[in-house]
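Subject: Structure handover

Hello,

Here is the structure I said I would pass on. My notes on what was found follow below it.

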Amino acid sequence: MAEKKTLGRQKISMAKIENEDDLYSSFSKRRETLYKKASDMIRKYDIDVGIVTFSPSDNPFSFFHPTIDAVVDRFFSPYTQGSETSRLNIANTRTRIKEKQVELEDLEIIKETLANQTTDETDIEEMWKQIKEFNPEDLKKFESRLDEVDLMLKNVVASSIAQAPQENAN
């Protein structure tokens, strides 16, 4: 049987971390892991979750799903139904979160696709050859298409900025 090259995962004794930099780093990593696990549970079981933590420097950090109001109401009165308005707000928030998760998954797929694509020097040379062969009419078409793409991107940015305050208001 082959001998292990590393020690692998070792049990860490519970002791206060004395080095301040290590303490802040460990807190950030553990907080991130806790939030990821909570997100996974939400996605898997569709539950309400609320987490409040304080950093070593006493800064508060929180994570609530779907909203802080929904989680606090459920905490103080777990067996009562909320008002119709609050239920609609919660349903709306859940829907928006699911839409954002789908967008995030799509972006991750695009990121992986782009990471897997390699641009060879021959591809770049071929692109420049095609551009050099443009006649004035093709060049005008290309320029107008770039203008259209630029306008579309500006509209997307403007609409995302316009939607941001609405999302933060809830």
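To begin at the surface, Ile-68, Val-72, Phe-75 and Phe-76 make a nonpolar patch of about 450 Å². Of these residues, Val-72 belongs to helix 2, which covers residues 68–76. The relative accessibility of Val-72 is 32%, so this residue counts as partly exposed.

Please keep in mind that this is a predicted model. Mean pLDDT for the chain is 82, with 89% of the residues at 70 or more. Of the chain's elements, strand 1 (residues 49–54) has the highest mean pLDDT, 94, while helix 5 (residues 136–169) has the lowest, 72. Over residues 166–170 the pLDDT stays under 50, and the model has four contacts beyond four places in sequence for this stretch. Predicted coordinates should not be read in detail where pLDDT is low.

Next, the charged side chains. How many salt bridges does the structure hold? The count is eight. Three of the pairs are described here, each within a helix.

- Helix 1 (residues 20–45): Lys-36 and Glu-32 form a salt bridge, with 3.5 Å from N to O. The two residues are four apart in this helix, which means that about one helical turn separates them. Glu-32 has a relative accessible area of 46% and is therefore partly exposed.

- Helix 3 (residues 84–116): this helix contains both Glu-84 and Arg-87, three residues apart, or about one turn. Their side chains are joined by a salt bridge whose closest N and O atoms are 3.2 Å apart. Glu-84 is partly exposed because its relative accessibility is 49%. Arg-87, with a relative accessible area of 39%, is partly exposed too.

- Helix 5: Lys-141 and Glu-137 are four residues apart in this helix, so about one helical turn lies between them. The closest N and O atoms of their salt bridge are 3.7 Å apart. Are Lys-141 and Glu-137 buried or exposed? Both are exposed.

There is also a network: Asp-46, Asp-48, Arg-74 and Arg-94 are joined into one by salt bridges that share partners.

When you look at the pair in helix 5, recall that this helix has the lowest mean pLDDT among the elements of the chain.

Regards

How values were computed. Residues numbered from 1 in each chain as written. Predicted model: local features only at pLDDT ≥ 70, side-chain atom pairs only at ≥ 80, totals over all residues. Heavy atoms only, no water. pLDDT = per-residue confidence, 0-100. Contact = heavy atoms within 4.5 Å. Salt bridge = Lys/Arg side-chain N within 4 Å of Asp/Glu carboxyl O. Buried < 20%, exposed > 50% of the residue type's maximum accessible area, 1.4 Å probe, protein only. Patch = residues over 30% accessible without salt bridge, like charges linked within 9 Å, V, L, I, M, F, W, Y side chains within 5 Å. Areas by Shrake-Rupley, 256 points an atom, 1.4 Å probe, with all protein chains shown as cover.
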